[in-house]
Amino acid sequence: MTLEEHPSVCAFDCPDTCSLSVTVENERIVRVRGSMAAPFTDGVICNKVAQDMAGFVHGERRLLHPLRRTGPKGSGRFERISWDAALDEIHQRVGDVIRRWGAQAVMPLNYAGPHGFLAGDSMSMRFFHRLGASQLYRRSLCGGVRSEAWSGTYGAVPGCPPEFAEHAKLNVVWGNNATVANLHLVRCVRRAKRKGSRLVVVDPLRTKIAEQADLHLALRPGTDTLLAWSLAAALERAGALDHGFIAANVLGFDEFMALAREWPSSRAAEACGVPEQQILTLAGWLAEADPLVLAPGNGLERGRHGGSGIRAAIALPALLGKLGKGSGIALGAGNSFPKTTARLQRPDLAPEFTRTINLIDVGRHLAQDDLAPPLRALFIYNHNPIVVHPDQNRMRRGLAREDVFAVGIELAMTETMAHCDLVLPAASHFEIDDLYPSYGHHWLQRGEPVIKPVGESLPNTEIFRRLAARFGFDEPCFAATDAELMDDAIDPDDPRLGGVRPSRIPITNATEMRGRDGRPMVLFENVFPATPSGRIELKSETLAKKWGEAALLPSWHERHSPRPLMLISPASDKRISSTLGGLPASAAAPPLRMHPSDATARGLASGARVRVWNELGEVILSLTVTDAVAPGVVASEKGAWLSTSPTGQTISALVSAEMRADLAEGACFNDTRVEVGPA
Ligand code: SF4
């Protein structure tokens, strides 16, 4: 049989959005490599995608037909049914819910499984808007805090391209487990290091990239604000601030610095748990580095002070006047694309005053039935809430309700799907047309199917097109083809497309989102702050209006807990959150890492089975004793499936769904207190 090579794009929830070359034999994926189509990803991809895609697409968990549940929720007992029977049943049962409770008793429960415009949310949102279903605020789960902090400070603009890291004299990688979750940034940083530049990593965990750093500040989780304030104060004392740039471009300098001066390096060192000399060294390096690149990751947003930490950190280049001319902050990449989301998703179809529900609250609303009207029908797609939501046990109780009709749309039989009444097989990103922006770089890509949909699976767009037809939605927007949806996803008249419609851009090379002057988009060169004042807003009325008066400026408050250990949950090199968690490479639970002093105090040794618990749940893990975590901190990778755990609980079971970050009502995964003992 002949082997065929096809261009493709990685759709997983990862900032790198790699271009791929896929080898296909007889409609089966046999090999996936990186391609040169996107210069930033440059032919290199992560091991998990290089090794696991045949199993992901053709493995034994792949869903091949629509299924109807025949056992209790969670039992995993299903029977095969036809697409017609599945769509008829959905129409009947969702119709019953609407007749009894109203349309807002129906809700999509989705997140960011695939990252293409079409599979992400296109026809699906048209369907739910037209249905009048409750709307979902999704960004609280991840990314929303960082994006609010960024847009509150700089506006909805891109920072600098990540490629800038390659030419920086100093790269500061902050709360970014980049080796696992931002691979191509690491390649740029390494190339810069080979040319003699410095690398500083700020992370509670000694990650791989931290091992390669010239300086690693292993601060206590959640103290990023204090570190950034202290650096600002030290830079001011050293006379390193660019007062000319600040006077022209920064709003809220005095108020910000008044907070920062409260944290001299000695005080911050104690609160952050790092040597004072490290703070002073970093301040000195920040002052002298030119160009300087700051690359904040998702790690620092996942706590009560997440928004403040990011705002304080991204203020530093502004205080130094180091934006443009090779310097910048590698954030806001998603703003480089001319998205036309309203045209794609049609919020105008939704009835006025439709309620919006925070994703993090869904577990409570289901388990406690505390809404009027209550949630009685769910469509769960691109998402694995049982594994990834905080307060896993409550979410599981909620999804186990027999009086909530749940439709699942997925590639594989996950533990969440096992709680659904009907499961519809979705096509993977290797089987569909889609258009791909990125949240980590400025290259737009398009992908076409490299194989036919496996089994009876269908693209998400077609599933919701058929659902719309079943519900009698006959507006022309429900007949839109995938090509038309792509043309609705971004502005076809954007000059950077060169007159080519989005649905026709080449699949063999990525299109760079350049500025009007034809050069890469760079803040303070061809992009300027898009805040209400037109300045960099260290003090933000916009954030205060959206998230409460306390959000006017970054803030920080000590928190006391009876539980002595802080649990953090970094990304895994085997999964993308919970995606790929059902494959053999993820069959074992990730270990719990603990500092030797904490292990000795509890009489624990490497290899021991330990119980990790708090008031929300308990997880059994094997212990790795290591000084890669600081005293008082324990770490275990996120995204493992429940099947890896003897208690049927994973670390999400220990995370509070009530605690919220200071922006975006974000989840606080890295603000979790636990105790650990022998199992
Ligand atoms: S998961 Fe990330 S690094 Fe891996 S191939 Fe996909 S986009 Fe690239």
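**Exercise 1. A parallel pair and its sheet**

In which sense do strand E16 (residues 405-410) and strand E17 (residues 422-425) pair, and over how many bridges? Then place both strands in their sheet.

*Solution.* Before we start, two notes on the model. Residues are numbered from 1 along each chain as its sequence is written. The model is predicted: local features need pLDDT of at least 70, side-chain atom pairs count only at pLDDT 80 or more, and totals for chains, interfaces and linings use all residues.

Step 1: find the elements. Helices (H or I, at least four residues) and strands (E, at least two) are DSSP runs, numbered from the N terminus.

Step 2: look at the pair. E16 and E17 run in the parallel sense, with four bridges between them. Two strands count as paired if DSSP finds at least two bridges between them. In this pair, glycine 408 stands opposite valine 423 in E17.

Step 3: widen the view. The sheet is open, has six strands in the order E5-E4-E17-E16-E15-E6, and its pairing is mixed. At the edges are strand E5 (78-80) and strand E6 (106-110), each paired on one side only. From one strand to the next, the twist averages 20°.

**Exercise 2. Strand E25 and its partners**

Describe how strand E25 (residues 617-625) pairs with strand E23 (residues 592-594) and with strand E24 (residues 609-614).

*Solution.* Step 1: a reminder that strands of a sheet pair through backbone hydrogen bonds, either parallel or antiparallel.

Step 2: take E23. This strand pairs with E25 in the parallel sense over three bridges, and methionine 594 has valine 625 of E25 as its bridge partner.

Step 3: take E24. Here the pairing with E25 is antiparallel, over six bridges, and tryptophan 613 stands opposite glutamate 618 in E25. E24 and E25 form a hairpin, with two residues between them.

**Exercise 3. Three helix pairs**

Classify the packing of H2 with H19, H9 with H12 and H5 with H14.

*Solution.* Step 1: set the rules. Axes are lines fitted to C-alpha atoms, for helices over the stretch in contact, and angles run from 0 to 180 degrees between N-to-C directions. Angles under 35 degrees count as roughly parallel, over 145 as roughly antiparallel, 65 to 115 as roughly perpendicular and the rest as oblique. A crossing is left-handed if the near helix is turned anticlockwise from the far one by less than a right angle, and right-handed if clockwise. Residues are in contact if their C-beta atoms, placed from the backbone, lie within 7 Å. For classes, Ala, Val, Leu, Ile, Met, Phe, Trp, Tyr, Cys and Pro count as nonpolar, Asp, Glu, Lys and Arg as charged, and the others, Gly among them, as polar.

Step 2: helix H2 (residues 83-101) and helix H19 (residues 460-470) have axes that come within 10 Å and cross at roughly 55°, which means that H2 is oblique to H19. Their crossing is right-handed. Leu87, Ile90 and His91 of H2 meet Arg466, Leu467 and Arg470 of H19, giving three nonpolar, one polar and two charged residues.

Step 3: the axes of helix H9 (residues 224-237) and helix H12 (residues 265-272) come within 9 Å and cross at roughly 165°, so H9 is roughly antiparallel to H12. H9 passes H12 in a left-handed crossing. The contact involves Leu226, Leu227, Trp229, Ser230 and Ala234 of H9 and Ser265, Ala268, Ala271 and Cys272 of H12. By class there are seven nonpolar, two polar and no charged residues.

Step 4: helix H5 (residues 144-154) and helix H14 (residues 306-319) pack at about 45°, with axes 9 Å apart; H5 is therefore oblique to H14. This crossing is right-handed. Among the contact residues are Trp150 of H5 and Ile310 of H14.

**Exercise 4. Backbone oddities**

Which peptide bonds to proline 291 and proline 373 are cis or trans, and where does glutamate 27 lie?

*Solution.* Step 1: most residues other than glycine have a negative phi, and most peptide bonds are trans.

Step 2: the bond from aspartate 290 to proline 291 is cis, with omega near 5°. Proline 291 is in the loop between helix H13 (276-288) and strand E12 (292-296).

Step 3: alanine 372 and proline 373 are also joined by a cis peptide bond, with omega about -5°. Proline 373 sits in the loop between helix H16 (362-368) and strand E15 (377-381).

Step 4: glutamate 27 is not a glycine, yet has a positive phi of about 65°. Its place is the loop between E2 and strand E3 (28-34).

Notes
Two residues are in contact if their C-beta atoms, placed from the backbone, lie within 7 Å.
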